Amino acid sequence: MTQQRATADDVARLANVSSKTVSRVFTQRELVAPETAERVLAAAKRLRFRPNALARGLRRGGRTRTVGLMIGELGNPFYYKVASGIEKHLNEHGYGLILATTDDTEEGEARTADTLLSHRIDALLLVPVASDQSYLEGERQLGTPVVAVDRPARNLVADAVVLANRTGVEEATRRLVAHGHRRIAYVCNPASVYSQQERVAGYRAALSAAGIPAQGAWELLEDDMSVPSERLVGALLDRAEPPTAIVAGNNRMTIGALRALRARGDDRTALVGFDDFDTADLMGVSVVSYDPVALGRASAELALERIQDPTAFSRQIDMPTWIIERGTGERPVIGSVAP
């Protein structure tokens with residue numbers, strides 16, 4: 001049989017004080033005599049009493065000192081590293097984090113947002129998945145700040161913290177060109193999200209600057225997450241004229257590319273992936289890197305600023321990226337390759 005949780009009244013009776021004194025011990029302890037506070041805390045510990053932070057925050061003016069975060073799924077290292085940066089910054093400022101996943105689906109995003117907002121969070125951070133976030137405009141007007149992480153929100157006035165996606169891929173592609181490559185492929189899945197659109201734009205800009213026709217011949221842009229990344233890269237490598245270099249749009253695509261290359265015994269095709277990942281250094285994989293924890297901290301900082309000043313103009317912060325050369329991206333073209 002489940003035992004009922006102790007209440008503040010139960011603690012008050014055991015400590016022989018009033019319920020107001022119990023409340024004061026947990027909110028304004030400096031106003032309570034030390035010996036009385038010790039007695040109340042001892043009673044609370046004996047009864048395993050935990051004050052309701054949500055209810056207390058609402059009574060004190062509507063603040064719960066909690067922030068909600070919506071991410072795609074926990075299996076992606078990018079998400080949990082961003083979440084760790086957010087949580088650390090919030091904890092340093094006395095805020096708690098409620099984490100929820102959307103499964104990277106539009107339906108999951110709307111459902112998860114509704115659940116988090118029902119907890120009366122002080123701010124909402126989300127990695128947008130749906131094509132329209134205007135459903136959050138009402139909450140924003142009611143005073144709940146919204147910060148988009150990794151991708152800007154659509155049809156919603158909201159702050160955003162994103163990566164310098166375009167410049168990162170443009171630099172990676174430019175370096176491949178410098179190593180003599182002309183048949184440079186770009187492969188990603190999903191392709192319709194903001195971050196990938198920016199990365200494709202950087203890829204095309206680098207090819208155009210090098211005088212290489214960028215008409216999509218070497219682009220493989222997929223929007224079906226059920227398609228294995230290894231299969232997508234394999235389709236490129238099995239062409240009559242395969243690419244001599246590949247830019248992979250995210251960490252999962254990079255891993256798929258490594259598997260496809262290994263299956264063919266291919267150690268000639270150059271490879272640069274966007275997103276660093278565990279063991280990439282051991283495998284000698286060149287990547288476009290960044291600091292996901294710093295991205296998370298910047299997102300949390302922006303949310304706290306907006307809580308304090310909800311009338312400030314919304315802004316977008318672009319976090320820097322850089323190239324880490326480890327070997328796969330520095331493979332030169334073997335022989336003469338026409339564009």
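## Two sheets

Two strands count as paired if DSSP finds at least two bridges between them. By that rule, this predicted model holds an open sheet of 6 strands in the order 7-6-8-9-10-12, with mixed pairing. Strand 7 (219–221) and strand 12 are its edge strands, each pairing on one side only. Neighbouring strands here are turned by 15° against each other on average, direction ignored.

Another open sheet, also of 6 strands, has the order 2-1-3-4-5-11. Its pairing is parallel. The edges are strand 2 (96–101) and strand 11 (316–319), and each pairs on one side only. The average turn between neighbouring strands of this sheet is 15°, direction ignored.

## Pairing in the mixed sheet

Strand 6 (residues 184–188) and strand 8 (residues 245–248) run parallel and are joined by 4 bridges. I184 stands opposite A245 in strand 8.

Strand 9 (residues 270–274) also runs parallel to strand 10, with 3 bridges between them. There, F274 stands opposite V288 of strand 10. Strand 10 and strand 12 (residues 322–324) run antiparallel, again with 3 bridges. In strand 12, I323 is the bridge partner of V288. V288 therefore has partners on both sides: F274 and I323.

## Side chains of strand 10

Which residues of strand 10 point the same way as each other? S286 and V288 point one way from strand 10 (residues 286–289), while V287 and S289 point the other way. All four are buried. In a regular strand, side chains alternate between the two faces of the sheet.

## Helices across the mixed sheet

Helix 10 (residues 229–237) lies across strand 6, strand 7 and strand 8. Helix 10 runs at about 160° to strand 6. Helix 11 (residues 251–263) lies across strand 6, strand 8 and strand 9, running at about 160° to strand 9.

## The parallel sheet and its helices

Strand 3 (residues 123–126) and strand 4 (residues 146–149) run parallel, joined by 3 bridges. L124 stands opposite V146 in strand 4.

Helix 6 (residues 106–117) lies across strand 1 (66–71), strand 2 and strand 3. Its direction is at about 170° to strand 1. Helix 12 (residues 292–308) lies across strand 3, strand 4, strand 5 (159–163) and strand 11. Helix 12 runs at about 170° to strand 5.

## T173 in helix 8

Is T173 buried or exposed? T173, found in helix 8 (residues 165–178), counts as buried because its relative accessibility is 0%, and buried means under 20%.

Leaving aside neighbours within four places in sequence, T173 is in contact with I184, Y203, A206, L207 and V247. One of these contacts, I184, is the residue that stands opposite A245 in strand 8.

## Cavities

How many cavities of 30 Å³ or more does a search of the whole structure find? There are 2. The largest cavity has a volume of about 50 Å³.

A172, R175, H179, V272, S286, I323, E325, G329 and E330 line the largest cavity. By class, this lining has 3 nonpolar, 3 polar and 3 charged residues. Among the lining residues is S286, one of the buried residues of strand 10. I323 also lines the cavity, and I323 is the bridge partner of V288.

Technical notes: Residues numbered from 1 in each chain as written. Predicted model: local features only at pLDDT ≥ 70, side-chain atom pairs only at ≥ 80, totals over all residues. Heavy atoms only, no water. 1 Å grid on protein atoms, 1.4 Å probe; cavity = no way out; pocket = protein on both sides within 12 Å on 5 of 7 lines; lining within 4 Å. Points joined across faces, edges and corners; volume = space filled by probe spheres on them. Nonpolar A, V, L, I, M, F, W, Y, C, P; charged D, E, K, R; others polar. Helix = DSSP H or I, 4+ residues; strand = E, 2+ residues; numbered from the N terminus. Axes fitted to C-alpha atoms, helices over the stretch in contact; angles between N-to-C directions. Contact = heavy atoms within 4.5 Å. Buried < 20%, exposed > 50% of the residue type's maximum accessible area, 1.4 Å probe, protein only.
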